[in-house]
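New to this one? Let's take a walk through it, one piece at a time.

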Amino acid sequence: MSQSSGSHSSRHPREGAYTAEEYVRRPDHIPQTGQDESEKYILALHTDPTHHQAVTALRNQHFPAKINKLSAHVALFRALPGSQLPVIQSAIQHLVHHHHPFPISTGEPFLMAHGVGLHVHVEPATHIFRTLKEQWNGFLSKQDQSFRAHYTIQNKVQSSVAQESLVAIRTGPDRFEGSTGTVMGLSLYLYDRGYWTLKQTYPFRADKEGERAPVADRSNDDEWPPLGAASAPE
């Protein structure tokens, strides 16, 4: 994300708690490592600030304010096990070296079970997901076995409210005109008692010669604005 959504004064930049002090994961959200994972990570797209701000503004307009502690995000994996962190980081490092930044654009809004989502056109992200899934398949949660690129614009509302929001986004006076942007890399976050703490950002290779900017480890930088960040489970 291009800015933090909450005013959290801790050492690490965080995305805010979703609904409670401690979120209890459903069985299909638990990594399959055969052990209790004290640390879990999420991998998300790292997008440019202009695109991020446009979609976040839409989310802020429709998401229930009392529980809207996050800005807009597209998550690839939501429950990566801490016991496999060296394997995970090595795979990400290798992958970003072989990818350039690529376009992202929003599509049509759609109804979710308790809200509204926004389709995202970002085909290279699907390829990235499949590449990493093949390497991590032995420990992924059931939820992380599939990927559908989307933004959650609204959640935890009655179906009638969601339907009204869908119409407003599509055809209302303040209808969403869409947004295009660039995916600049990937960001890895630690799930921390309902918060997402930035662990590391991995920029894609920026030129044709194989050179790219150094990997940014901003875990100790309070002012680092996490891009394309992940959310607490929605």
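Start with a pair of strands: β2 and β7 (residues 180–192) run antiparallel to each other, joined over eight bridges. If you want a spot to find that pairing on screen, look for Lys40, which stands opposite Tyr191 in β7. Keep in mind as you look around that this is a predicted model.

Now stay with β2, which covers residues 40–47. Strand β3 (residues 75–81) is another of its partners, again antiparallel, and here four bridges do the joining. Leu43 is a handy landmark for this pairing, as it sits opposite Phe77 in β3. So how many residues of β2 are buried? Eight of its eight, so to speak of the strand as mostly covered is fair.

Next, hop over to helix α4, residues 159–171. Its 13 residues, at 1.5 Å a residue, should span 18 Å, and the C-alpha atoms at its ends are indeed 18 Å apart, so the expected and actual spans agree.

Which residues of α4 are buried? They are Ala162, Ser165, Leu166 and Ile169. Look down the helix axis and you'll see these buried residues fall within an arc of 105°, which means they line one face of α4. Turn to the face pointing away from that buried side, and you meet the exposed residues Glu164 and Thr171.

What do the buried residues of α4 pack against? Their neighbours are helix α1 (49–62) along with the strands β4 (102–111), β5 (116–121) and β6 (150–154).

Note on methods. Residues are numbered from 1 along each chain as its sequence is written. This is a predicted model: local features need pLDDT of at least 70, side-chain atom pairs count only at pLDDT 80 or more; totals for chains, interfaces and linings use all residues. Side-chain values use heavy atoms; hydrogens and water are left out. Helices (H or I, at least four residues) and strands (E, at least two) are DSSP runs, numbered from the N terminus. The expected span of a helix is 1.5 Å times one less than its number of residues. Buried means under 20% relative accessible area, exposed over 50%, partly exposed in between (1.4 Å probe, protein chains only). The arc is that of the directions from the helix axis to the C-beta atoms. Contact means heavy atoms within 4.5 Å. Two strands pair if DSSP finds at least two bridges between them.
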